Amino acid sequence: MIKRFFSSTLDVPAISAVPRHIAIIMDGNGRWAKKRLLPRVAGHAQGVERVRDIVEACIHQGVEYLTLFAFSSENWRRPQDEVSRLMELFVHALEREVGKLHRNGVRLKVVGDLSRFDTHLRDLIERGEKRTHGNARLTLTVCANYGGRWDILNAFKHWLADHPDGGVPDEEALAPYLSMAYAPEPDLFIRTGGEQRVSNFLLWQLAYAELYFTEVLWPDFDGKQLEAAIQSYQRRERRFGRTSEQLDKR
Ligand code: IPE
Ligand code: IPE
Ligand code: MG
C-alpha cells in the first residue's frame, strides 16, 4: 500500500526547518574533468565519490529523502563511448556501495525507464532495492533514464490500464501512479554546475520546490555546500499561493 503524502497543489504541506526531501541535478562532471585536462569520464568517477559524501551529509542533517539525477532520457544523445562508461560506473557503484548503504540504513530506489538497460544492470538494481527495502533512515532515489515527461505519460498509461472505461484522471487520481509516489514532493531542488534549468527532471513533483542553483561543479560539491543550500532554503518563505500576512497569522 502506497503511503499518501500531501500534494502541494491540493493541500498546504507542513514544512520543517530541514527539508524532508532534497532533489539534486548533479551537473558539471565534464567541466570539472576538462579543467584538469582529464577525460570526461574522470569527472563522472569523481562525481560518484561525491554521492557517498552527500548521502552521509543528508543522514547527518536528518533529511529523509535524497533524489539524484544520474542519467536523463536525453543523455543517450551523448557519444556512445561516454554512455557506455556511465553505465559501467553505475554497475560498479551498485556492486560496491549497496552493502554500505544497507549498513547505514539507506533504502535504495532507482526510477526511470529501466527497460533500456541491460539485464545485468537491471538485476543489480532489483537486488539492491530488495536488499535495502526495509531501511528507513534515508530513502536514496537514483533517477536513471528518467525524464519528467516520461514519468507523467507513464503514470497516465498505467492509470488507463487500471481504468479501461477511460475518462480523465484528476491530480489526486494520477499522483499515485507517478514514479516517486512513495515520497513527499521535493522541498529543495539543487542544481550544481551553474546552469539554471530543470532539464526534464521531476516536472510534476517540483511544482512548489525551492530552487537553488550553484556554480560549484558536482565533483566539488561537499557537505559544506549542502549546508549552504539548506541554509538558503531556511531563509525562504514558502507560501504555496498564500500571502505573507496569512502565514504570520498561523
Ligand atoms: C552531469 O555532468 C552528469 C551527467 C549528465 C551524467 P555532465 O557530464 O553533464 O557535466 P558537464 O555539464 O558537461 O560539465
Ligand atoms: C542533466 O544534466 C542530467 C543529469 C545531471 C543526469 P545535463 O548536463 O544532461 O543537462 P543539459 O543538457 O545541460 O540541460
Ligand atoms: Mg551537464
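Of the elements that contribute to the shell around ligand 2, β2 gives the most, with four residues. The strand β2 spans residues 65–72. The model described here is predicted, and this walk through it starts at ligand 2, moves on to ligand 1 and ends with a salt bridge.

The residues that surround ligand 2 include Phe69, Ala70, Phe71 and Ser72. Earlier in the sequence, Ile25, Met26 and Asp27 also belong to these surroundings. Asn75 and Arg78 are further members, as are Arg191, Arg197 and Ser199. Sorted by class, this shell divides into five nonpolar, three polar and four charged residues.

Several side chains make polar contacts with ligand 2. The side chain of Arg197 places an N or O atom 2.8 Å from an oxygen atom of the ligand. For Asn75, a polar side-chain atom lies 2.9 Å from an oxygen atom of ligand 2. In the case of Asp27, the distance between an N or O atom of the side chain and an oxygen atom of ligand 2 is 3.2 Å. On its own, ligand 2 has 390 Å² of accessible area, and the protein covers 79% of this. The site of ligand 2 is the largest pocket.

Ligand 1 also sits in the largest pocket. Around ligand 1 there is a run of residues consisting of Met26, Asp27, Gly28, Asn29, Gly30 and Arg31. Arg40, His44, Ala70, Asn75, Arg78 and Leu86 make up the rest of its surroundings. Two helices, α1 (29–35) and α2 (40–61), each supply at least two residues of this shell. The greatest share comes from α1, with three residues. By class, the shell around ligand 1 holds three nonpolar, five polar and four charged residues.

Which residues offer polar side-chain atoms to the oxygen atoms of ligand 1? Arg78 has a polar side-chain atom 2.7 Å from an oxygen atom of the ligand, and for Arg40 the corresponding distance is 2.8 Å. The backbone takes part as well: a polar backbone atom of Gly28 is 3.4 Å from an oxygen atom of ligand 1. Of the 380 Å² of accessible area that ligand 1 has on its own, the protein covers 87%.

Away from the ligand contacts, charge pairing within the protein can be considered. Side chains of opposite charge can pair when their charged atoms come close. Over the whole structure, a search finds 19 salt bridges. One of them joins Arg20 and Glu64, whose closest N and O atoms are 3.0 Å apart. Arg20 lies in the segment before β1 (21–25), while Glu64 belongs to the loop between α2 and β2, so this pair ties together parts that are 44 residues apart in sequence.

Terms used: Residues are numbered from 1 along each chain as its sequence is written. Chains are lettered from A and ligands numbered from 1 in the order in which they are written. This is a predicted model: local features need pLDDT of at least 70, side-chain atom pairs count only at pLDDT 80 or more; totals for chains, interfaces and linings use all residues. Side-chain values use heavy atoms; hydrogens and water are left out. A residue is near a molecule or strand if one of its heavy atoms lies within 4 Å of it. A polar contact is a pair of N or O atoms within 3.5 Å; within protein, one must be able to donate a hydrogen and the other to accept it, and residues adjacent in sequence count only if both atoms are side-chain atoms. Accessible areas come from the Shrake-Rupley method with a 1.4 Å probe; for residues, only the protein chains shown count as cover. On a 1 Å grid over the protein atoms alone, a cavity is a set of points where a 1.4 Å probe fits but cannot get out, and a pocket is an open set with protein on both sides within 12 Å along at least five of seven lines; lining residues have an atom within 4 Å of a point. A molecule sits in a cavity or pocket if more than half of its atoms lie within 2 Å of its grid points. Ala, Val, Leu, Ile, Met, Phe, Trp, Tyr, Cys and Pro count as nonpolar, Asp, Glu, Lys and Arg as charged, and the others, Gly among them, as polar. A salt bridge is a side-chain nitrogen of Lys or Arg within 4 Å of a carboxyl oxygen of Asp or Glu.
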